Amino acid sequence: MIQNYLKVAFRNLKKNFGYSAINIIGLAIGLATCILITLYVKDELSYDRFFKNADRIYRINSDLRFGGGDLHMTQTSDMMGELLKKDYPQVEEYTRIYTSNGDKLIKKGNDFIDETHVAHVDSTFFTVFSLPAIEGDIRTALNEPNSVVLTESAALKYFGTQQVLGKQITVKEDNQEKPYKITAVIRDIPDNSHMNFNFLFSMKNVDYQWGQLTSHNFHTYLLFKPGTDYKAFEKNFDTYLDKYVLPYAQQFIEVKSMDELRKAGNYLRYSLMPLTDIHLHSDYSYEITPSGNIQYIYIFSAVALFILVLACINFMNLSTARSARRAREVGIRKVLGTERKTLIVQFLIESTLTAFIALLFSLLIAYLVLPIFNDIAAKSLSLKSLLALHLLPFLLLLPFVVGILAGSYPALFLSGFKPIVVLKGNANTGFKKSNLRNVLVVFQFATSIVLIIGTIIVYSQLQYIRNKKIGFNKDQVLIIDRAYALNKNIDAFKTEVLSLPGVTSGTISSYLPVSNSSRSDNTYSKEAVMDVKNGIDMQTWFVDDDYIKTMGMEMAEGRNFSKEYGSDSSAILITATTAKLLGYEHAVGKFIYAPVNDGNTLVPLRVIGVIKDFHFESLRQKLGPLCMRLGRSTGLVSFKVSPSNIKSLIAKVEGKWKAMAPGMPFSYRFMSDSFNDMYRSEQRAGTLAMSFSVLAILIACLGLLGLITYMAEQRNKEIGIRKVLGASVSNVVLMLSKDFLVLVIIASVIAFPVAWWAMHKWLLDFEYRVGISVWVFVIAAFTAVAIALLTVSYQAIRAAIANPVNALRTE
């Protein structure tokens, strides 16, 4: 019986090749999209779940407001983990990660290589995070200073073998070469982790003023004992603040209690984040690696489902639309005694077979498209993961689910024909007005229009970011990374590069208003004695007197730093936002007090200028307070350059570098690229949204093409009669097209509020955002109508210009 069903199914697919091709292509695109997004979502949801105790590991996050300056950090003080473990038995172990030292220069041969995936960690790191060792005892590997643990990739890179236990690597630190002993080698940390280290150095080599309970520079993780409720544990943070942080803070701030701090509009809060939530749910600053976004998981999952549903709707619509062709077959089989349930099984097998064929094509499409998808999504996905035990059943069941979902309504519809009616020739039931079919077409185009509107708004926001006045000139600024390698030659290097044609200015500072640059916050006061009312926490950037000019910033009041004023060493520049938070209408000449040494002493700094506001963080964040002080910060050197002969200029700059820092790696970037990196996730979302919009429209148009084709066939005689009676080609085209255009317009009306709600919610992630204009909806509706019209017009025109004699000769 099954063999007969399959034989009939194959025969019908071959007989109706055009119809079958439309169905298979539509389903294949839908399934391929579903497969790719499943791989993406699976990877995103898998982050950090491979750790043995992942369900018991939590990171402490910090939220701070003081004087209007807000900080939301993934870091805590150096003492917090130790104190919590001492006071609370629920804490089985803690560990810290310190990344504030940034990159490290590691020697290979006679040259140094810049390594970015480095960190200092506690000896307890491997107790909290279960990483398999290849060599060495990881439990004791970092107990001593000058010890380091390498991943297998790092060992192969520097030694050509994984057997490197006891060997040494040489690191350039503070302009000296320091040896570190390799005490263990571990497997590479998987890509689906929020940490990506290749070198783990002992925490005992960190040069830090330990015991600062209000300085937050360490990523602190807690491993709880089984059964601990982390939400209940968070209530202990108030006790921790009162017991440890408050007495420490009272050394340099007049504050009696944490309640007094809160009543003044300030706060210091700590919270716990599950390890497995960090990648998708964190919007905190100073993440070890860029975070994902759970919103995109929801959006892309919904898109995958909708695109698959669109393909299934095509199948349903086309199957019922061509019912007239199969009505006589159904009538004869019923007369010969075939039961309705047998016909239903036959039609379901046909739809499932179509889905299986589509699945094979979808795997081919996914395989061909995967490299492009990986490039857009910044992933390393592979179709091999589909063969994993937990995904293979999903893959095998997919065509059955799709086949039954898409084929159920046509099977019930076709098997319900009455043999007497259809054998008399009244088989026009297939394309009489079907409310369900109209609803399905509306759903298809409503989904497509929502995706079109989403794509337009995403790109509008990105365009807004590119064109918004951000308070500095990001274009044609050449940044030389890791300038500290120049040592005492850094000033000479700046002077030499400034002498090159096309270089107009230069500055030495690690602090830039883009990603991959330094950040530092400090507490200041309006008065000589700091309290909860006159204190303010703000970003503190150490710059030279050429910084403002090179960055293209403007002064709102006062002057810039100058070599002509020796007193500028005790001067300060603030932004307009800072002046407003301090309550100064005219800030120049006022004094701001800064703590020095142990924080007990405040020294006055005279405000000599107010800088016009500039965005030093992403436009997702509200502008906070910032000040600049004269000082050395030699991590980066930036030059304003002319756009002509860039390649030649970079080659000359590299030549200067090699002459002054032999053996040191030369690395450069442009500020505009670093600026764009801050919005890379939005750019990826925009590209994916556009791709999904095109796919949704393509699938919807395939359905329309099939429907208009069968509609024209069924109304062939009607068209012939109308032409004989004088109807023009345009009259016939309008008659065939208007029903579909009405459905697209209805779909637009339904899609508008849905799209507005979804994109309004997405835009709320940005503190500075574009408005949702009416023209966005107009363009989306016009695009959908135009595409629908183009799709149906070809077949409609073809039917309209056909010779009516051919249609009426049998009458």
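Let's start inside strand S12, where His 219, Tyr 221 and Leu 223 point one way while Thr 220, Leu 222 and Phe 224 point the other way, and all are buried. This is a predicted model, so please read what follows as a description of that prediction. The pattern in S12 has a simple background: in a regular strand the side chains alternate between the two faces of the sheet. Strand S12 covers residues 219-224, and 6 of its 6 residues are buried, so it is largely enclosed by the rest of the structure.

Which strands are joined to S12 by bridges? Strand S1 (residues 57-66) runs antiparallel to S12 and is joined to it by 3 bridges. Here Arg 59 has Tyr 221 as its bridge partner. Strand S3 (residues 91-98) is also antiparallel to S12, and 6 bridges join the two. In this pairing, Arg 96 has Thr 220 as its bridge partner in S12. Arg 96 has a further role to follow on the screen: its charged end sits over the ring of Phe 218, 5.5 Å from the ring's centre. A similar arrangement can be found with a lysine, as Lys 172 lies over the face of Phe 112, at 5.6 Å from the ring centre.

Phe 224, which we met in S12, also belongs to a cluster of rings. Ring pairs link it with Tyr 58, Tyr 88, Tyr 230, Phe 233, Phe 237, Tyr 240, Tyr 244 and Tyr 270.

Stepping back to aromatic pairs in general, the structure holds 40 of them. One is formed by Tyr 158 and Phe 199, an edge-to-face pair with 5.8 Å from centre to centre and 85° between the planes. Tyr 158 lies in helix H5 (residues 152-159) and Phe 199 in strand S11 (residues 199-202), so this pair ties together parts that are 41 residues apart in sequence. Both Tyr 158 and Phe 199 are buried. Another pair brings together Phe 493 and Trp 657: the ring centres are 5.9 Å apart and the planes are at 85°, so this pair is edge-to-face. The pair links distant parts of the chain, with Phe 493 in helix H16 (residues 490-498) and Trp 657 in helix H19 (residues 646-660), 164 residues apart. How buried are the two partners? Phe 493 has a relative accessible area of 0%, and Trp 657 also has a value of 0%.

Helix H19 is also the place of Glu 654. With a relative accessible area of 27%, Glu 654 is partly exposed. From Glu 654 to Pro 665 the C-alpha to C-alpha distance is 9.8 Å, with their positions 11 residues apart in sequence.

Now to the nonpolar interior. The largest nonpolar core has 117 residues, and those with the most contacts inside it are Phe 445, Trp 541, Tyr 547, Met 553, Phe 614 and Met 628. Helix H2 (residues 17-45) gives the largest share of this core, 14 residues. Trp 541 is a good residue to select: leaving aside its neighbours within four places in sequence, its contacts include Tyr 511, Leu 512, Pro 513, Tyr 547, Phe 614 and Met 628, as well as Arg 519 and Arg 629. Another core lies apart from the largest one and has 36 residues, among them Leu 84, Leu 213, Val 245 and Tyr 593.

Finally, let's turn to charges. Side chains of opposite charge can pair when their charged atoms come close. The count for this structure comes to 31 salt bridges. In one of them, the side chains of Asp 43 and Lys 379 meet at 2.6 Å, N to O. Asp 43 lies in helix H2 and Lys 379 in the loop between helix H12 (340-377) and helix H13 (392-415), so the pair ties together parts that are 336 residues apart in sequence. Are these two residues buried or exposed? Both Asp 43 and Lys 379 are buried.

Lys 107 and Glu 177 form another salt bridge, with their closest N and O atoms 3.6 Å apart. Lys 107 is in strand S4 (residues 104-108) and Glu 177 in strand S10 (residues 176-186), 70 residues apart. Lys 107 counts as partly exposed at 28% relative accessibility, and Glu 177 counts as partly exposed at 45%.

Methods: Residues numbered from 1 in each chain as written. Predicted model: local features only at pLDDT ≥ 70, side-chain atom pairs only at ≥ 80, totals over all residues. Heavy atoms only, no water. Phe/Tyr/Trp six-rings, centres within 6.5 Å; stacked < 30°, edge-to-face > 60°. Helix = DSSP H or I, 4+ residues; strand = E, 2+ residues; numbered from the N terminus. Buried < 20%, exposed > 50% of the residue type's maximum accessible area, 1.4 Å probe, protein only. Lys NZ or Arg CZ within 6 Å of the ring centre and 35° of its normal. Core = buried A, V, L, I, M, F, W, Y, C linked by side-chain atoms within 4.5 Å. Contact = heavy atoms within 4.5 Å. Pairing = 2+ DSSP bridges. Salt bridge = Lys/Arg side-chain N within 4 Å of Asp/Glu carboxyl O.
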